[in-house]
Amino acid sequence: MMTRLFFALFVLLVAAAGGYWLFGMSGILWATNTALLALLVRDYFWGHKLEVWLRKGEPLAVIELSGFWGELVDRVRRGFKSRTLLAEQHQSRLKEFMSSIQASPNGVLLLDDEGRIEWCNQTAAVHLGLDDKRDAGQHIVNLVRDPVFTRYMAQGDFKNEVFMEGRSNSLSQLRKLQVQLHPYGDNKKLVLTSDVTARAQADQMRRDFVANVSHEIRTPLTVLAGFVETLQSLPLKRVEREKYLDLMAVQATRMQGLVSDLLTLSQLEGSPPPPVTEAFDLKALMSQVKSDAMALSALQGSDGQAVHALSFAWPEPLLICGSRAEIHSAVSNLVNNAVRYTPVGGTIDVLWKISPEGQALFSVTDNGMGIGAEHLPRLSERFYRVDRSRSRESGGTGLGLAITKHIVLRHGGSFQVQSEVGVGSCFSLLFPPSRVKFETQEAYLMPVLSEITA
């Protein structure tokens, strides 16, 4: 600014001196006026260029100005660069913040002062069945028609959360949501949604477990108490007394088996996974499983012979790393269940095989009555029975499949069931390659099936 002022004074002095030299005193006024007019014209021209430059909104474009105007252009350009950099930083932080909200497992929904959707993340859209682009600007109550949510919005008291049904693609697996509103800003609202389906299912399973344990234990205790009261109050003959005692022994054995299975489940849940350094050969284990299955099948006949066509096959030699007792329990549970629930004359195939990925697959396939699709997701739940009366008659406690699933999960594997009513069932245990070991590399490359068929 001072440089521009000195330059203008210098021009005026030069003009005044020149006018005086040419025209005397009258020339001073003429010369200074002419110089001022020239300076104004120049400033107007440069100011017009600056105005056009700013109006175009291209502060980074090249514009040639000097002096005060050039300095002004440089300052505007530096200020714009600084503001642009700051805006880019803010935009980058905003994108990171929005990305983090999008990645959140909880739903986030922003409503304006009238309850219309301003923005929602993908999780909230899935939870509430919304389209984050199409439904923007729509009133939330018009889209989420659950009566619980409608009352929650209308009451205006958002201190506590509410629970409601969420959108789901499956009618058999409904989603349970926890929803809470938080007012903010100028009467705006933040809606948070959480999928609590797993927690609700766990709570329901816990309640079912307590109810089932109470029922399963109460039943034999009631029978035992009735027999004890009968023995104490009635004079019975020896044959009748022995009959009652035998029935009491059956109920006591059933209750003892139930307690034993419950303790087994508790030990499995509270102990660390078996180490992968301990390996055992399947041959002795499967021989024992086969012997038990043959004996169980024979009990269902009248001549002491097995009434099912049983076949066993496995690669030999094959070692499994883990707890021998646990894997024996899991394998025998599946085989014995197949024997119990397959009609007389049915076939049961028990097979170990190695997948191309090196996994060990154990399967038990039968041609029995099969299981309905609605029961398959819950088969491994504690005390869940497809046919309660038949399960009790066969001596089951309703915990066998739950124990089997816990065992295979502890070994890093998975439990699978395929079944069709009237066709049969296939129960499988899949063990990871880390649990599979061969005595030689040749045995791994060319496993020879050692088959035992009964």
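Which residues in H9 meet which residues in H10? I started my notes there.

**Entry 1: H9 against H10**

Before reading off side chains, I reminded myself that this is a predicted model. On the H9 side I listed Ala284, Leu285, Met286, Gln288, Val289, Ala293, Leu296 and Ser297. Their partners in H10 are Arg324, His328, Val331, Ser332, Val335, Asn336, Val339 and Arg340. I then looked up the geometry: the axes of H9 and H10 are 10 Å apart, and the packing angle is about 30°. Angles under 35 degrees count as roughly parallel, so H9 gets that label relative to H10. I noted the crossing of this pair as right-handed.

**Entry 2: H10 against H12**

I went on to what H10 does with H12. Here the angle is about 140° and the axes are 9 Å apart. That value makes H10 and H12 oblique to each other. H10 passes H12 with a left-handed crossing. From H10 I wrote down Glu326, Ile327, Ser329, Ala330, Asn333, Leu334 and Asn337. They meet Gly400, Leu401, Ile403, Thr404, Ile407 and Arg410 of H12.

**Entry 3: the cores**

Which members of the largest nonpolar core touch the most other members? I found Met286, Phe312, Val335, Trp352 and Phe362, out of 43 residues in that core. Next I checked which elements give two or more residues to this core: helices H8 (238–270), H9 (282–299), H10 (324–341) and H12 (400–410), plus strands S7 (309–316), S9 (347–354), S10 (360–366) and S12 (424–431). H10 gives the most, with 7 residues. Another core lies apart from this one; it has 20 residues, including Ile117, Ala124, Tyr152 and Val179. Two names from the H9–H10 list, Met286 and Val335, turn up again among those core residues with the most touches.

**Entry 4: two single residues**

Is leucine 310 buried or exposed? I get a relative accessible area of 0%, so leucine 310 is buried. Leucine 310 sits in strand S7. I also checked its separation from methionine 294: 16 residues in sequence, and 7.8 Å in space from C-alpha to C-alpha.

Then I picked asparagine 187, which has a positive phi of about 65° although it is not a glycine. I located asparagine 187 in the loop between strand S4 (175–184) and strand S5 (188–195). Its relative accessibility is 47%, so I put asparagine 187 down as partly exposed.

**Entry 5: the whole chain**

I tallied 13 helices and 14 strands in the protein chain. The chain has 454 residues, and 35% of them count as buried. Of the contacts between residues at least 6 apart in sequence, 56% join residues at least 24 apart.

**Entry 6: how far I trust it**

The mean pLDDT of the chain is 78, with 75% of residues at 70 or more. Which element has the lowest mean pLDDT, and which the highest? Strand S14 (residues 448–453) is lowest at 38, and S10 is highest at 93. I also found that pLDDT stays under 50 over residues 440–454. The model still has 28 contacts beyond four places in sequence for that stretch. Predicted coordinates should not be read in detail where pLDDT is low. I left the contacts of residues 440–454 as a bare count.

Methods
Residues are numbered from 1 along each chain as its sequence is written. This is a predicted model: local features need pLDDT of at least 70, side-chain atom pairs count only at pLDDT 80 or more; totals for chains, interfaces and linings use all residues. Side-chain values use heavy atoms; hydrogens and water are left out. A nonpolar core is a set of buried Ala, Val, Leu, Ile, Met, Phe, Trp, Tyr and Cys residues joined through side-chain atoms within 4.5 Å. Buried means under 20% relative accessible area, exposed over 50%, partly exposed in between (1.4 Å probe, protein chains only). Helices (H or I, at least four residues) and strands (E, at least two) are DSSP runs, numbered from the N terminus. pLDDT is the predictor's confidence in each residue, from 0 to 100. Contact means heavy atoms within 4.5 Å. Axes are lines fitted to C-alpha atoms, for helices over the stretch in contact, and angles run from 0 to 180 degrees between N-to-C directions. Angles under 35 degrees count as roughly parallel, over 145 as roughly antiparallel, 65 to 115 as roughly perpendicular and the rest as oblique. A crossing is left-handed if the near helix is turned anticlockwise from the far one by less than a right angle, and right-handed if clockwise.
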